[in-house]
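Open the model in your viewer and keep the selection panel at hand. The tour makes three stops.

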Amino acid sequence: MSESILRVGNASGFYGDRFDAVREMLTGGPLDLLTGDYLAELTMLILGRERMTDPSLGYAKTFLRQMEECLGLALDRGVRIVVNAGGLNPAGLAERLRELAATLGLGQARIAHVEGDDVLAAFRAQRPGVLAANAYLGGWGITACLDAGADVVVTGRVTDAALVSGTAAAHFGWARDDWDRLAGAVAAGHVLECGTQATGGNFSFFHELSPAARLHPGFPLAEIHPDGSAVITKHDGTGGAVTVETVTAQLLYETGPARYAGPDVTTRLDTIRLEGDGPDRVRISGVRGEAPPPTLKVGVNRLGGWLAETVFVLTGLDVDAKAELMQAQLADALDKQQPAELHWTLARTDHPDAATEEEASALLRLVVRDQDPKLVRRATATVPVELALAGYPGFHVAGLPQKPGPYGVFEALTADPADVRHTALLPDGSCVEIAPAPASRPLETVPDPELPDPLDGPTPTRRAPLGAVAGARSGDKGGSANIGVWARSEDGWRWLAHTLTVARLKELLPEAVELTVTRTLLPNLRALNFTVEGILGDGVASRARFDPQAKALGEWLRSRCLDIPEALLNANPNPNPNPNPNSNSTSKEGL
């Protein structure tokens, strides 16, 4: 087992992330390996539609262009690259990379790829219209490729954190059942996977960063130790900040219960400990792991039908009555040609006695879905135009009518690992089949830990937004959403744990009233994690709500007001700015 620290960076959090991040990370400081996460549930649908038109595609073309610029640089610096940019066609991307390397005079580059996640054939009969069905593989295929000397490893749908855990397992020689070490690497990988979200991006307290820091956050890296612990940091001189709070926010992103399941290990989120390790350095330690569940997650993307939307602008007086008239007129005009789904939402963006017309206007949004694009177009374009001179006073729409487009449906299903052929294609062309995990453990709910002691005695309170004393990060998991909320001080945690119950969350977020909401306590992080089931309908591609990926659900929660102890509102848990002279940040240690 290697005793040297492994420095792993990240240069992509999604397909479309900052193009020059690969060069920034390769030139910004020392690295052993660079990862890139290019896949998401929506991305797989996009790649599936692309593959329908050209079977040779289905991978993230951006990565190929990045390698055209930076493959030689990576080889010169001895930095190996592991990415999931292969999408639905990792073999195709690997072949394009070999051709590129030859064109660039870099024929010595050793390219490998991992495949076997594509299980479309097994699920196509079960789900008509399926474009893609992919099992979430672990990191051991990556490990095999690196052990064989690969300079670049391309995968399809592996778990995001597997890019790091598979790399660490290769470097340190971990065993398949080194559960704690693997779980530590998964925690580090989860922090890295979304790029600048770990260094101040999408951060609730962004206003505490200097203007320069928040303008251009640098990408994160992890210094991983042989025991699986890690320090999250970034290259010196880059923007953003790495603090206990920025790392907490990312740890809470798109997670669920305390047992965070993966194909190689189940990571116990309730065991993670964070502590500052110097300017722009946060140590992750104490992570416990368990055998993974007996099944693999499978993401199934299919076309659900056709969708379009129209936004009506309602200006001035009688906004509610104007909205009612518009809805009634459209329903009457459609008559017997009603589409399958019509969803209306009224956003009261108007202000009384407004100084500008825009500030005096509200937005009435209509989203229509149906299997027949003609019915969709009639409801969102033809009929609204016909009603233009017969409708509410001041009738107009925000933009030209849309052409109906296909929408997707995401389902999270399962497969037996024995039915999924996880294969590593090594640089010399040979194949290695990766066996399933050596043990499994059914997922069971972790009992809630004891609540902290409540704040002492009756305390004066003041009506204020929750965000005055707590941060939040939210995201999508299929049709559900998670909201992680953390306190900024120990007293804040004592108040938050007793106050923000499931019932209180539903009061603050009325959209969740009829939905199943689960609360998980994470005392080590001074955090609560809520899973709101079904709030996103059939997933992001179905565009079931205004914020289809729940990116801002946590910020909506933070904006809601409740009675907060004045002592918490008056406290400043972060008095000392970040003293790192090489950092552009002035962030503060929050926990």
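Why is strand E1 (residues 6–10) largely enclosed by the rest of the structure? Select the strand and check each residue against the burial cut-off, which is under 20% relative accessible area. Five of the five residues of E1 are buried, so the rest of the structure largely encloses the strand. This model is a predicted one.

**Stop 1: E1 and its partners**

Stay on E1 and look at its two faces. Leu 6, Val 8 and Asn 10 are on one side, Arg 7 and Gly 9 are on the other, and both faces are covered.

Now add strand E7 (residues 220–224). E7 pairs with E1 in the antiparallel sense, over four bridges. To find the register, pick Gly 9: its bridge partner in E7 is Leu 221.

Next, add strand E2 (residues 33–36). Here the pairing with E1 is parallel, over three bridges. Pick Val 8 this time; Leu 33 is its bridge partner in E2.

Show helix H1 (residues 21–28) as well. With E1 and E2, helix H1 makes a β-α-β unit, and the unit is right-handed.

**Stop 2: His 113**

Move to strand E4 (residues 111–115) and select His 113, which lies in this strand. Is His 113 buried or exposed? His 113 has a relative accessible area of 6%. Buried means under 20%, so His 113 counts as buried.

Show side chains here. Those of His 113 and Glu 115 are joined by a polar contact of 3.0 Å.

Then display the surroundings of His 113. Beyond its neighbours within four places in sequence, its contacts are these:

- Pro 90, Ala 91, Ala 94 and Arg 98 are among them.
- Cys 145 and Val 154 are also in contact with His 113.
- So too are Thr 423, Ala 424 and Leu 425.

**Stop 3: a four-strand sheet and a helix across it**

Which order do the four strands of the open sheet follow? Read across the sheet: the order is E22-E23-E25-E24, with antiparallel pairing. Strand E22 (470–477) and strand E24 (517–522) are the edge strands, each pairing on one side only. From one strand to the next, the twist averages 15°.

Zoom in on E24 and strand E25 (residues 527–532). Six bridges link this antiparallel pair. Select Val 517 and look across to E25: Val 532 stands opposite.

Last, turn on helix H10 (residues 244–252). H10 lies across E22, strand E23 (480–487), E24 and E25. Against E23, helix H10 runs at about 155°.

Conventions. Residues are numbered from 1 along each chain as its sequence is written. This is a predicted model: local features need pLDDT of at least 70, side-chain atom pairs count only at pLDDT 80 or more; totals for chains, interfaces and linings use all residues. Side-chain values use heavy atoms; hydrogens and water are left out. Buried means under 20% relative accessible area, exposed over 50%, partly exposed in between (1.4 Å probe, protein chains only). Two strands pair if DSSP finds at least two bridges between them. A crossover is right-handed if, with the strands pointing away from the viewer, the path from the first strand over the helix to the second runs clockwise. A polar contact is a pair of N or O atoms within 3.5 Å; within protein, one must be able to donate a hydrogen and the other to accept it, and residues adjacent in sequence count only if both atoms are side-chain atoms. Contact means heavy atoms within 4.5 Å. Axes are lines fitted to C-alpha atoms, for helices over the stretch in contact, and angles run from 0 to 180 degrees between N-to-C directions.
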